[in-house]
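Subject: Structure for your review

Dear colleague,

Please find below the structure that I agreed to pass on to you. My notes on it follow.

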Amino acid sequence: MSSIQTVLLEGPIDFVGQQLADSITFYLVSIAGAIAFLVGIIAGDISLTAYTGALLFSAGFGFDLSTQQIKVIAINSKLEPVLQANVEFDVDTPEYQTRKGVYTNPDLNEVYAPVAMWIKAFDILLGKMQDAGLDFAKVKSISGAGQQHGSVFWSADAERLLASLNPDLPLEPQLSPKAFSHDMSPNWQDHSTAAECDDIEQEIGGADVVAQITGSKTHHRFTGPQIMRVRHRHPERYQRTARISLVSSFFASLLLGAIAPLDVSDVCGMNLWDIPNERFDDKIIEFVAGGGQAEKNKLLQKLGPVEPDGGKTLGYISDYYVRRYGFSKDCAITPITGDNPATILALPLRPLDVIVSLGTSTTLLVSTPVYKTSPSYHMFSHPTSKGLYMGMLCYCNGSLAREKVRDEINSIKPPSDVSDVWSSFNEAAQSVPPLGSTAEGKNKLGIYFPLPEIVPDCKAGTWRFMSDETGLREARDDWDVPLADARAILESQNLSMRLRAGPLLSSNGQPRRVYVVGGGSRNPAICQVTGEVLGPSEGVYRLELSNACALGSAYKALWAVQRKVIKEGVYESFEDFLSQRWDEKTMINSVDEGYRKGVWEKYGAALAAFDAAEKFAANS
Ligand SMILES: Nc1ncnc2c1ncn2[C@@H]1O[C@H](COP(=O)(O)OP(=O)(O)O)[C@@H](O)[C@H]1O
Ligand SMILES: O=C(CO)[C@@H](O)[C@H](O)COP(=O)(O)O
C-alpha cells in the first residue's frame, strides 16, 4: 500500500543559521517524535502520523526511484526525518501490469521497465504529498537515488519538452512517448548481454583489465553492455537517441526540466568510465559505439558530461513544480546518485564497517580509501568524497528468493502469527542449529537462485548439499524441504558475502559493525543469521528508517547547500558534516550481538565446502 507518514512536524523557522530556533526545535522534536509515533490518522490509502497544531518544516528531500517503488524522505536541518512517502508500481500504477516493478522475457533473459510508469508514479507521489498538505515551499534542496545501471534513451525532442512543461497537466502525458527514443529501460536484473560482455572483455584484455579500468569486470546489467545490445537489437532507436541518462540522472532531469549530467559515482556502474583517470575510456566507448571515431563521438555526445562534484547545485527546480506544487524557485537540485552509493551516505561508516542492504537485491557495501579491484566485486567512486571509494558485492537473488522459500513454507505451515507473513519462515530458521547440523555432524548447504545470479555467474536453480569431512554430496531424503530451506537460504546468502568480502575488510575478514538496511532488515531471523555468519566484533545494527538510500540522499541534499567553505573551492566534507549532526541513539538499534565464539569459526570452516557447492551449481 502506498503511504505517507508524517513522523515529525515543526514550526516555520528559517533554514540555515537559526541556532536558537533549531535548539528549541530540537526539544520539540524529541517530544513530538514520541507523540508522532503514538498518533495515527488513516486517510484513505494515505496514512498520516502527525501531531496537531504544527506546520511542516522540511529542508531536504531525498527521493529513491528503486525497482519496486518510488520513495521520498524529507528531513529538517537537524537531519531528522519529517516525512516519508512511497508509491508502489505494481499497486499504484496497475495499468502498466508490471510484476515487482518490471517486465520479464525469460526466453531472452531480458528484464526491463517502462519509463512512462516511473513518471506516472512520480506524478502520483507528488499529488499525494500535496493532498497531505505538505508545504513544498519549505524544501530547500533535493537529491535522490536511482536503481543502478538502468538507462533511459531520450529523443531529440526531449530537451524542448522538458523545458516547456505545462503546470496544468501531469508530467507523464507531456513526456511520454515523445521525449523518448526507446520506451523501456533495461533493468539491473537483466541477463541478456552475455555476448556483449564477452566481446568487450575480449577486446579490452580480459576481466581483470576491465575491472582495473572501470571498477568492475563486465556485467550483464552494466549500462555499457546494455547500450551495445540496444544498438544491436534496435539500431533505429539507438540512432534516434539524442541523450542517454542513467535512472539517477533521468530523475534529476525531470526535476531540473533539462537533461542532467551523469553522477560521479553512478557512472561507475556502466563499464564505460575509467575511474582512476576520471574520464570515459576511449577504447571501450569506441567498441560499444561500433564504427570508429565518428560513432564513438556520437556515443560520447549521447552520454554527455559527468558532474565530478556530488554536492554541486546543478540548477534550481523547474518552473513546472513551482507553479504546479508551490516549490520555491530557489530549491536546489543536486546530483542524484545510484541507490547503493546513496545508501553509504545514510551512515557514518568507519573502516571495517559494512552495510548489508536487504532490498530487492542484496548488496554489501563498504567505504574505503583503497582502489583495489577484482572481478569478484565492484569499486565505485564515492558519491561525495574524492579519494574514497565504495566497494560492493551485489546479488540478484535477495528478497525475492527469500520470499519464494517463505511462500513454500506458508503453503504447508500457514503463518503462526497472522499479522506477520514471515512468522513460520522465521520459526523454521531459528529452531535449527547453525548449518542445520545433524547428530552425525553433517552440515546442510543450499544455493537458492530463482533468478540467474551475478556472483557466482550462475544460471537459475536450487541446489541442496550435505557436507562433512568426507566431502560434499547432493542431499536426498536427509533434507526436510521446504522447512530446512529457511535457515539454509539465510546462511547461503551470508556465506557468499563472507567468502567474497574478505579483501574489502580486515586480514581475517571480520567486520567491526554490520549495519542492516532495507525491507529485509525488519526481520529478526535475517538479522540473527547475518550476525552469526558475518560475526561483526561490535554487532549488527539496524537503521530504523528502512529506506536508507532515500535517507542518504536527503543528507546529501542538505550537505550540498549547507557545507561550509573551508577555503576557495574547498568545502566541508560530507563525513564531517554528517558526524557532527548524526545521532546514533535515535537512528540505529542493536539487533544482534554479532560474533559468537565457536559459531563464526564453524561457518569459517564451512566456507571451502560452500565454495565447492557454488562451483558445482555454476558448472551444472
Ligand atoms: N519482515 C520482513 N522480512 C523479510 N523481508 C521483508 C520484510 N519486510 C519487507 N521485506 C522485503 O523487503 C523487500 C523490499 O525492500 P526494499 O528495501 O523496500 O526494496 P527496494 O528498495 O528494492 O524496492 C520486499 O521484497 C520484501 O520481501
Ligand atoms: O544492480 C544493483 C547494484 O549493482 C542493484 O542493487 C540495483 O541498484 C537495484 O537495487 P534495489 O532495487 O534492490 O534497491
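A residue is called buried here if 20 or more other C-beta atoms lie within 10 Å of its own, and exposed if 12 or fewer do. By that rule, 54% of the 620 residues of the protein chain count as buried. Please keep in mind that this is a predicted model.

**Overall form**

The protein chain contains 22 helices and 30 strands. Its radius of gyration is 24 Å, close to the 25 Å that the globule rule gives for 620 residues, so the protein chain is as compact as a globular protein of that length. Taken along the principal axes, the C-alpha atoms of the protein chain fill a box of roughly 70 × 65 × 50 Å. Among the contacts in the protein chain with a separation of 6 or more, 74% are accounted for by residues 24 or more positions apart.

**Domains and annotations**

The domain assignment gives domain 1 (3–339) and domain 2 (399–502 + 600–619). Where they meet, 5 residues of domain 1 are in contact with 4 residues of domain 2. On the side of domain 1 that touches domain 2 there are no nonpolar residues, 4 polar ones and 1 charged one.

The UniProt record, an unreviewed entry, carries annotations of its own. One of them, "domain: Carbohydrate kinase FGGY N-terminal", covers residues 188–345. That span is 49% helix and 13% strand, and its end C-alpha atoms lie 21 Å apart. Another annotation from the unreviewed UniProt entry, "domain: Carbohydrate kinase FGGY C-terminal", covers residues 356–560. Over residues 356–560 the chain is 32% helix and 23% strand, with 26 Å between the end C-alpha atoms.

**The two ligands**

Where does ligand 1 lie with respect to domain 1 and domain 2? Both domains give residues to the shell around ligand 1, so ligand 1 lies between them. In total, 14 residues surround ligand 1, and the closest are Gly359, Thr360, Gly518, Gly519 and Asn523. By class, this shell has 1 nonpolar, 11 polar and 2 charged residues.

Ligand 2 is surrounded by 16 residues, of which the closest are Thr67, Gln148, Trp188, Gly359 and Thr360. The shell around ligand 2 divides into 2 nonpolar, 12 polar and 2 charged residues. When you inspect the two sites, please look at Gly359 and Thr360, which are listed among the closest residues to ligand 1 and also among the closest to ligand 2.

**Backbone details**

Most residues other than glycine have a negative phi, and most peptide bonds are trans. The following places depart from that pattern.

The peptide bond from Ser176 to Pro177 is cis, with omega near 5°. Pro177 lies in the loop between helix H5 (172–175) and strand E11 (184–186). A cis peptide bond also joins Val455 and Pro456, where omega is about -5°. Pro456 is found in the loop between strand E23 (443–449) and strand E24 (461–468).

Gln97 is not a glycine, but its phi is positive, near 55°. Gln97 is placed in the loop between helix H2 (89–92) and strand E7 (103–105). Leu435 also has a positive phi, near 60°, and is found in the loop between helix H16 (423–430) and E23.

Are these two residues buried or exposed? Gln97 counts as exposed because it has 10 C-beta neighbours inside 10 Å. Leu435, in contrast, is buried, with 23 other C-beta atoms within 10 Å.

**Two residues in strands**

Ser185 lies in strand E11. With 27 C-beta neighbours inside 10 Å, Ser185 counts as buried. Leaving aside its neighbours within four places in sequence, Ser185 is in contact with Tyr112, Ala113, Val115, Gly150, Ser151, Val152 and Val247. Ser185 and Pro305 are 120 residues apart in sequence, and their C-alpha atoms are 20 Å apart in space.

Asn86 lies in strand E6 (residues 81–88) and is buried, with 23 other C-beta atoms within 10 Å. The C-alpha atoms of Asn86 and Val247 are separated by 17 Å, and the two residues are 161 positions apart along the chain.

Yours sincerely

Key:
Residues numbered from 1 in each chain as written. Chains lettered and ligands numbered in written order. Predicted model: local features only at pLDDT ≥ 70, side-chain atom pairs only at ≥ 80, totals over all residues. UniProt positions renumbered as here; feature names shortened; annotations may be inferred. Helix = DSSP H or I, 4+ residues; strand = E, 2+ residues; numbered from the N terminus. Near = placed C-beta within 6 Å. Nonpolar A, V, L, I, M, F, W, Y, C, P; charged D, E, K, R; others polar. Domains from an automatic or database assignment. Contact = placed C-beta atoms within 7 Å. Rg over C-alpha atoms; globule rule 2.2 N^0.38 Å.
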